[in-house]
Amino acid sequence: MAGTDAVSQWGVSLIRTILPNGFKGAIAVASLITFAHRPDVHPQWSWQHPLPQGNTINSIIFVDEETGWASSDGGSLLRTIDGGATWEVVSLPENIFASDVLFINSEIGWTCGQEYEGNQVVLGTTNSGETWHVQLEDPSQPLSSLVFTSSQRGWVCGGSNIWHTSDGGASWEIQAMFPGSFVSKIVMFDSLSGIGSGNLGIRTSNGGQTWEIDKAIVPLFDMTFVTSSDGWGISGSKVFRTQDGGASWTTQLDTSGTTWQDIFFLTKTDGWVVSGNLNAGRIARTTNGGVSWLFSENPSFPFLNGIAFRNASCGIAIGRLGTILQTSDSGSNWNSLNTYVSLGSLQGMHIIDEETVWIVGSGGTLLNSTDGGTSWEKKVSGTDASLRDVFFLDANIGWVVGDEIVLQTTDGGLLWDTTPVPAIRSWRDIEFSRYPVGWIIGGGSSTDGRLLRTTDGGTNWEKTSISLPGGASEVQFTSDNIGWTLSWTALAGGEQQLQKSTDGGDSWKIVLSSNNDTSFYSMSFVDDSVGWVSSSAPLIYCTTNGGESWKTMSVPFPLRSLFFFDRMLGWGTGMNGEVYRTCDSGNTWDSQSSPLGHPANEIKFVDQNTGWVVGNWGSVLRTSSGGTTGIDTRSP
């Protein structure tokens with residue numbers, strides 16, 4: 001996450017970086033994986049909210065006046081071809097948290113970051129990002145910052161190792177190792193001389209054949225140079241300047257309580273820094289080389305990670321929650337390029353048909369779409385409680401449950417009335433598939449679980465006699481008599497339970513349990529006999545005889561949410577937004593190209609092709625192809 005050094009000036013390329021997260025040994029691994037990104041064919045899953053996407057954006061660079069790239073979480077990059085006015089999501093072949101992206105010209109570029117599995121990778125392209133291939137894989141060392149002086153010679157750093165390539169990334173070798181330390185940024189002044197900084201300073205004068213510790217270089221998180229002499233760096237709340245290539249540094253700005261994340265200088269005089277605190281970001285600008293700084297009048301931005309300008313007037317700032325801000329007056333004013341109606345954590349949804357979807361979440365969030373998710377409207381729920389599930393009987397009659405609240409509407413969600421119930425719990429699931437009989441389940445870490453039943457369409461509710469652990473989370477009835485409840489406890493050694501009723505909920509018995517600290521996450525039954533339960537371990541349980549016996553099957557990752565369409569076809573979501581599909585009852589799972597880079601809380605399908613995923617920070621994904629590659633006409 002650094003400013004852009006103009007390659008045309010003296011051969012210095014740009015870098016972005018994030019702090020490393022560990023220091024271990026490293027090896028290089030060659031790979032032949034390639035991935036073609038075709039703008040006319042959308043990913044298996046596409047963003048619907050927020051737009052253009054909702055993952056954290058980590059760095060940004062402009063290749064020329066029109067073309068720019070940004071790295072983000074979720075296995076994707078962002079690309080603009082109109083100077084930053086609009087951005088498209090470009091999928092990568094690896095599901096990585098991309099920390100840096102660098103293009104040496106319009107065609108040749110690289111990105112680096114961390115895979116979900118923990119490996120660090122470098123990917124390269126020679127055709128403007130249409131295809132990417134893995135160039136370097138390091139299982140233990142952070143690879144978070146790139147610098148290239150030509151299309152052939154480059155370096156990547158982030159941990160205690162410095163990697164170098166002299167053939168455009170076809171092969172890499174370790175040039176230097178600094179055990180117990182890290183180098184977060186390297187700037188090369190030419191093909192031979194350069195400096196690096198992290199929690200120590202280093203310098204080379206022979207193209208990296210040797211790197212020596214230079215105590216004169218201030219420990220920096222990021223730095224940028226406009227000539228081989230003139231540079232700036234950031235560390236915590238401070239901005240530093242050097243006028244002798246890093247031999248000496250002076251403090252120019254110290255803003256207590258602000259952590260600067262990125263610094264960018266276009267010329268010796270014009271520069272910007274961005275930061276992000278818990279509730280707001282800050283942008284500061286200098287027009288005299290850092291002697292004085294002016295802060296933007298509207299600093300109420302989310303956490304900001306990077307900034308880049310394509311000329312003296314037009315720039316882009318990026319950050320958390322997919323934030324993209326644009327200025328056309330050198331940074332005096334900024335406007336958002338994001339489209340969203342809520343950035344709360346989305347917890348549950350109900351799909352009425354291909355066009356009509358309801359979603360609930362934190363802070364009383366209640367979203368509705370009547371055009372398949374192309375647009376979303378935020379409804380007034382009348383509460384700021386966290387809402388966890390929603391169920392609609394038809395276009396007019398629906399219910400919402402959440403923390404100590406049950407709501408009902410009879411006019412399609414225009415008005416919601418609080419429904420009195422005979423218990424106070426954190427309600428997590430509502431079930432009305434056997435209307436007028438309905439069920440509500442919930443609990444908490446300091447309370448027991450509760451299951452409520454209604455037989456008159458929700459007018460009156462009664463307690464049931466079932467005993468549930470506090471984390472009672474799901475209820476499902478597959479017929480009038482056969483029902484299931486899923487519950488768990490966060491206590492060490494506490495029992496996780498799946499209970500079954502065969503008499504319409506009058507009595508219950510445990511049919512699956514565990515007390516080995518492996519919580520049950522989600523369940524999905526397609527009929528009275530066949531169902532699955534996922535857990536916090538990378539395994540699922542399957543029954544084909546109504547819970548009399550269970551088969552344990554391995555899955556790639558613990559599945560946070562589980563949905564089966566029939567006895568063969570099902571989907572699950574991982575802890576980092578991964579989506580997996582099975583076509584053989586859960587025996588094997590294929591990874592789908594999900595662009596989500598943070599937890600997915602629920603997945604549901606209305607048919608075998610059309611489905612949605614909802615997650616944290618207002619995230620909504622949609623597929624119209626069952627999650628397989630194809631043209632998604634609903635994607636913006």
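## Close-up views of a predicted model

**View 1. Strand β56 is mostly covered.** All five of the five residues in β56 are buried, where buried means under 20% relative accessible area, exposed over 50% and partly exposed in between, with a 1.4 Å probe and protein chains only. G611, V613 and G615 point one way from the strand, while W612 and V614 point the other way. Strands here (E, at least two residues) and helices (H or I, at least four) are DSSP runs, numbered from the N terminus. Please keep in mind that this is a predicted model, in which local features need pLDDT of at least 70 and side-chain atom pairs count only at pLDDT 80 or more, while totals for chains, interfaces and linings use all residues. Residues are numbered from 1 along each chain as its sequence is written, and side-chain values use heavy atoms, with hydrogens and water left out.

**View 2. β56 meets β55 on one hairpin and β57 on another.** Five bridges link β55 and β56 in the antiparallel sense, and two strands are said to pair if DSSP finds at least two bridges between them. Five residues lie between the two strands of this hairpin. One bridge partnership to look for is I603 with V613 of β56. β56 also pairs with β57, again antiparallel, over four bridges. There, W612 stands opposite R622 of β57. Four residues separate the strands of the β56 and β57 hairpin, and W617 in the turn has a positive phi of about 60 degrees.

**View 3. Four strands make an open sheet.** Their order is β2-β57-β56-β55, and the pairing is antiparallel. β2 (46-49) and β55 are the edge strands, each pairing on one side only. Ignoring direction, neighbouring strands of this sheet are turned by 25 degrees against each other on average; the axes are lines fitted to C-alpha atoms (for helices over the stretch in contact), and angles run from 0 to 180 degrees between N-to-C directions. Three bridges join β2 to the antiparallel β57, which covers residues 620-623. Within this pair, W47 has L621 of β57 as its bridge partner.

**View 4. Q608 sits in the loop between β55 and β56.** Q608 counts as partly exposed because its relative accessibility is 43%. Leaving aside neighbours within four places in sequence, Q608 is in contact (heavy atoms within 4.5 Å) with F565, L569, W571 and G626. The C-alpha atoms of Q608 and F564 are separated by 9.5 Å, although these residues are 44 residues apart along the chain.

**View 5. The largest nonpolar core has 34 residues.** A nonpolar core is a set of buried Ala, Val, Leu, Ile, Met, Phe, Trp, Tyr and Cys residues joined through side-chain atoms within 4.5 Å. I60, I307, I603 and V613 have the most contacts inside this core. Among the strands that each supply at least two of its residues are β3 (57-62), β24 (271-276) and β55 (600-605). The largest share, four residues, comes from β27. Apart from this core lies another, of 26 residues, including W69, V121, L123 and W172. In soluble globular proteins, nonpolar side chains tend to be buried together.

**View 6. E115 is a buried residue of strand β8.** This strand spans residues 109-115. With 6% relative accessibility, E115 counts as buried. Beyond its neighbours within four places in sequence, E115 is in contact with E94, N95, I96, V121 and E137.

**View 7. The largest pocket has a volume of about 1,300 Å³.** On a 1 Å grid over the protein atoms alone, a pocket is an open set of points with protein on both sides within 12 Å along at least five of seven lines, a cavity is a set where a 1.4 Å probe fits but cannot get out, and lining residues have an atom within 4 Å of a point. Grid points are joined across faces, edges and corners, and a volume is the space filled by probe spheres set on the points. The pocket is lined by 44 residues, and D389, D429, E474, E602 and K604 are the closest to its centre. Elements giving two or more residues to the lining include β31 (346-351), β35 (387-392) and β55.

**View 8. The structure has one cavity of 30 Å³ or more.** The largest cavity holds about 40 Å³ of space. Of its 10 lining residues, G74, G75, S91, S593 and S594 lie nearest its centre.
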